[in-house]
Structure formats: structure tokens, C-alpha cells
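Me: I would like to learn how to read strands, burial and cavities in a model of this kind. Could you take me through the features one at a time?

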Amino acid sequence: MDLNILNNLKLTKVTDSKIDSFDFENVKFGAKFTDHMLTCEYKNGEWGALEIKPYEPITLDPSARVFHYGQAIFEGMKAYKDENSDIWLFRPDENFNRFNKSATRLAMPTIDETRFIGGLKELIKVENQWVKKGLGNSLYIRPFMIATESGVIASPSNEFLFCILLSPAKSYYSGKIKVQIADYFSRAANGGIGAAKAAGNYSAQFYPTKLAQEAGYNQIIWTDSNHTHLEESGTMNVFFRINDTLYTAPTSDRILDGVTRKSLIVLAQHLGYDVKIEPVKVENIIEAAKNGSLKEIFGAGTAAVINQMEGFAYKDDYYELPNVADDESYALQLKNELTKLQNKLIADPFNWTVKV
């Protein structure tokens, strides 16, 4: 860490905090934010000073290139407060590294660890009262970067804004969901930006997902461009349990290298599960559903940690998954272990948690 950068951080606090009127028990995920945010501008080929200031609108020129050419990336992270009131981040180095990979893929400048992780820690210290104790409570963290240079010429921006927002969150359980396997629309392609956490990846999913929801399903399981292999579920990575083996697709140009995904793989292996990281064929999952060997399908991501599925549709057929007892569910066992580890309720043998 470059202490000079942190020592030169500009801090402007709100005159009146909104924390006393904030409903922490009924907060909708990602809808409300804390008192302050962190910003940093990139101009003339270098990053400027960090600033923590009151949460407020950003003013941009209408011709700012983020509006016209979509140079925008983000990350999703969480912080947790243990029973000793210490605050912990979960694998922030993974988010930092992925953020810079996304930046490189979209011709945006990379950012240094001091500004990303060091700046984040300083912001959380200012907002420490917004992190509540207790399993199920967390502080969702949204770092993002956008192109701010004005002008509609089709070329990469030379000016950018890096920002971090904080949003109190409760663990949410929406129940098991029904999904539809994509057989026309694609989320990403070889050589594309599917592995980057780019804003455009998500906007491109909204329309096909809307169609799926109108047909009675909650989400889509995305397939490759040939629609022969299963890759992601909605905005999450996806796992399939056939008998007692857990399958998930390897990362690629098309699949986001999810932090929750890679953590669950390691944790599953630690718990003694048989885990296979290999391409997952649609036809194999259909066959497993027909012969009863397909036990579970679940998505994995920062927001929900794990989202179980009760069944899936492919073309004109719907396949119901069996009801697996809670104490026999890989999904629930993994979710329970990971959330307890994140909240410092059990030992962290992997050194994934980082103290703020």
C-alpha cells in the first residue's frame, strides 16, 4: 500500500447521517446506500487523489463516452461484522484482480491496490456503523468505473471515474426458482466480453430474461453459442449435482470467473465432495433429469450466495428436480459453511477473510 495516497485522501463528512432513520430489517437489496461514497478521477494518464464525500449524484456531460460506447465495469463484494465488532472483507484481492482484468478488456486503465482495497477500507471505516452484526447481515460493496471524457467519436475514453458505493444488505431467500435453458439467445461468445464484469453483459440479458419470466420462469440458464453446453444461470455461475458428484463449467471467454464459484469449489473439495470442473452438456443434464440421477441445480454469486432451483424447462419440456432433504442438500450445506466462514463463526482455513 502507498501510504502517501491514503494520507492525501480528502474526507468530507455529511452534516446529518440518515442511519437513525434507516430500516435495516426491511432493506431491499441494492436499493439504499450509506452516507458516503469514494471517488477518484483518471485524467492525463494517471489516477488522482482519493476522495470520500457525501453520497450524491454524479454530473456528466451528455456526450460522456460511457453513454455512447458503454465503457463501464463493476464489481460486487461484501463486508461482515463479527461478534467483536471487527469488520472483514471476503477475498478482496480476487475482486481487485478481476476488476483490472475487466478494465483491460474494455480498454480502460487499471487501478492500483492502494486506491481500490486501501480506499475501500478507509470508506468502510467511515461507515463502520452501517455494518451490522449477525448472520445474514452484510454490507454490499459496489466498485465501478465509467468513461467520462466528452465527445462522441468512437474511440476509448481518456478520462474515467472510479467510485465505490456501500449498501446495507440482508441475506435473502426467494425460495427455489424455475429456470429455462436458453436455446436461442446467447449471453456471450468466444473472444467477447463474457468473462469481464462489464455493464453491457447485464443489459443484454434483460430482454431474454423478460421473455422467460413472461413464460413463467424466474431465470435463464445460459448456453454456449451452439446451445449444446450449459454455462451460467442468470447473473450467477451454476452447479449441477448428478448423484454425488458436483459439476460446473470451466471459466472461459464466455464465463465470469466468479469469486463465490471458486470459493465453493474449494470448500466442496474441503468437505470431501466429488467436484468435476468440465464442460456440461445439455443432453447429459436432460438424461440425468429423466433417469433421476440429477439431484440439484443451484446458482452461485455474491448477492444470494446460493440460489436453488426446483426445475428447468428445455424447449417444450419441463423437468422437476427431486426434493432433497436439507441435511442432504449440497447447496444448503455449502451455503451454510460459506456464510459462517464469511461471518467469522467458524475457522477460515483458507485465509480468505481480510480485516478492515
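Reply: What follows is a short dialogue about one strand, its neighbours, and the spaces in the fold. This is a predicted model, in which local features need pLDDT of at least 70 and side-chain atom pairs count only at pLDDT 80 or more, while totals for chains, interfaces and linings use all residues. Residues are numbered from 1 along each chain as its sequence is written, and side-chain values use heavy atoms, with hydrogens and water left out.

Me: How many residues of E18 are buried?

Reply: Helices (H or I, at least four residues) and strands (E, at least two) are DSSP runs numbered from the N terminus, and a residue is called buried under 20% relative accessible area, exposed over 50% and partly exposed in between, with a 1.4 Å probe and protein chains only. Here E18 is mostly covered, with 9 of its 10 residues buried. Val305 belongs to this strand, which spans residues 305-314, and Val305 counts as buried because its relative accessibility is 7%.

Me: Which strands pair with E18, and in what sense?

Reply: Two strands are said to pair if DSSP finds at least two bridges between them. E10 runs parallel to E18 over 4 bridges, and within that pairing Ile177 has Met309 of E18 as its bridge partner. Strand E17 (residues 294-301) is joined to E18 by 4 bridges in the antiparallel sense, with Gly301 standing opposite Val305, and these two strands form a hairpin with 3 residues between them. E19 is also antiparallel to E18, again over 4 bridges, and there Gly311 has Glu320 as its bridge partner.

Me: Where do positive phi values occur around E18?

Reply: Val305 has a positive phi of about 70° although it is not a glycine. Lys315, also a residue other than glycine, has a phi near 55° and sits in the loop between E18 and strand E19 (317-320), where the two strands form a hairpin with 2 residues between them. Lys315 is classed as exposed because its relative accessible area is 53%.

Me: What lines the largest cavity?

Reply: On a 1 Å grid over the protein atoms alone, a cavity is a set of points where a 1.4 Å probe fits but cannot get out, whereas a pocket is an open set with protein on both sides within 12 Å along at least five of seven lines; lining residues have an atom within 4 Å of a point. Grid points are joined across faces, edges and corners, and a volume is the space filled by probe spheres set on the points. The structure holds 4 cavities of 30 Å³ or more, and the largest has a volume of about 110 Å³. Its lining includes Met77, Tyr80, Phe90, Val259, Leu338 and Val305, and the largest share, 3 residues, comes from E6.

Me: And which residues are closest to the centre of the largest pocket?

Reply: The largest pocket has a volume of about 710 Å³. Of the 32 residues that line this pocket, Tyr140, Arg142, Tyr202, Thr235 and Ala303 are the closest to its centre. The elements that give two or more residues to the lining are strand E8 (137-147), H5, strand E13 (236-242), H6 and E17, and H5 gives the most, with 4 residues.
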